[in-house]
Amino acid sequence: MRFRDEYRDASAARRFAEAIAELVTRPWTLMEVCGGQTHAILRFGVDQLLPPQISLLHGPGCPVCVTPAEYIDKAIEIASRPEAILCSFGDMLRAPGTKGDLFAAKSRGADVRIVYSPLDALAIAQAEPGREIVFFAVGFETTAPANAMAACRAKQSGVRNFTMLSSHALVPPAMRSLLESPGARVQGFLAAGHVCTVMGYREYEPIAARFGVPIVVTGFEPLDILQGIFMCLRQLEEGRAVVENQYSRSVRRDGNEAAREIMRQVFRVVPRRWRGIGDIPESGLGFSAAYADFDAERRFGAVSARDEAAGPCIGGLVLRGERTPTDCSAFGTSCTPERPLGVTMVSNEGACAAYYRYRAAETAAGVQS
Amino acid sequence: MCLAVPGRILSILGDDPLTRLGRVDFGGIVKEINLAFAPHARVGDHVLAHVGFAIAVIDEAEAARVFETLREITDIASEEQREP
């Protein structure tokens, strides 16, 4: 596939890795803030190409992982109503609430349907006017415009049996929150290429300046990630801290104007709780006054915040970049994708699941050989 | 979750800016993709598709930048090695 395969070239990857090794004079700690990048780093072994003094931390880059349990409880509660059809992206179904997940609710008879696009949920609403269709709108800035468009189209078409349970999260406030925390170890960020495809990167410029951290907008293929790491390390070695754009084939400084405009119409910025991290001001999206009728919380009751139960899972520390999955004593033993203790092991893009999938097998192979 | 897949627009259906659809070829699999966020996309363009929407038209000139950068940095390194 063009614009994918060429960025997976192994010899070019080795040359990038050599250039990185030439460049580095001391230890540095970088963080990527996108589960897709975490997945690619582990899948292609990008981390293993780097010199040992470079550490990669995996940030809160997975919308499924950072959706609080109480939202999942609310989704299950809505799905259990006889008139309701709860539509969701597939990766949310195994994320645990406080009392089980959407898969279990579905197996008990709740009408939970996996959709590929929010427009599919809208089509179900139009096909089933006697039912209440609720779309579980989870996602970062990348997904928010598509979700906004579903609301916009519903409004234009006068569809009244369609609402959304909004669990949108905004990435830059989370990065700011990580940098403000006393345990912050991050010295440079790889910013998420598709979030920035939508939003551009102006909002990262004050973060780089205020905290003195380089931020490199980075793509998702191995060569993209290696170049992003190279650019970030070059800034660190030269004592610079600005925003640079590695993913220029997709990202412009002002982002995607049409997508941002629909977000502005449908949503407004609200405070939000991040699972494993806590409350972060101005880091979520609620509905604008013009779209309040599409808010499932208005129709079915508000999500009530709960304190997170303490348990053996260190997923919160992993999401904050304070630990890596293999620091956890439960990793791969009492916690596996089949029997997860926490959401970072559940989601495909969770750091623990990525380590388990790509490193547990390798560790086992190493033991055998 | 923020996965976006590159594909080439084979044809475009409709002209309403909100509902314009592209038939997009993803390495042999063809899907209809909403072009509301790619208002200038034309047949033959490559787009990045996410949950049924094109979120960017790939800039073909910029797409080679990774390889240009690699050439520059490795050329510099090999020149430095050649110097006594």
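**Core, chain contact and backbone of the predicted model**

A:Glu282 is exposed, having 12 other C-beta atoms within 10 Å (exposed means 12 or fewer such atoms, buried 20 or more, partly exposed in between, with C-beta atoms placed from the backbone). This is a predicted model, in which local features need pLDDT of at least 70 and side-chain atom pairs count only at pLDDT 80 or more, while totals for chains, interfaces and linings use all residues. Residues are numbered from 1 along each chain as its sequence is written, and chains are lettered from A and ligands numbered from 1 in the order in which they are written.

A:Glu282 is found in strand β11 (residues 278-287) of chain A; strands (E, at least two residues) and helices (H or I, at least four) are DSSP runs numbered from the N terminus. Phi of A:Glu282 is near 50°, a positive value in a residue other than glycine. Most residues other than glycine have a negative phi. B:Val51, in the loop between β4 and β5 of chain B, also has a positive phi, near 40°. B:Val51 is buried, with 26 other C-beta atoms within 10 Å.

The contact between the chains (C-beta atoms within 7 Å, placed from the backbone) takes 44 residues from chain A and 31 residues from chain B. On the side of chain B that touches chain A, α2(B) gives the most, with seven residues.

The largest nonpolar core (buried Ala, Val, Leu, Ile, Met, Phe, Trp, Tyr and Cys residues joined through C-beta atoms within 7 Å) holds 154 residues; among those touching the most other members are A:Val134 and B:Val47. Helix α11 (residues 222-238) of chain A provides the largest share of this core, nine residues.

Note on methods. Two residues are in contact if their C-beta atoms, placed from the backbone, lie within 7 Å.
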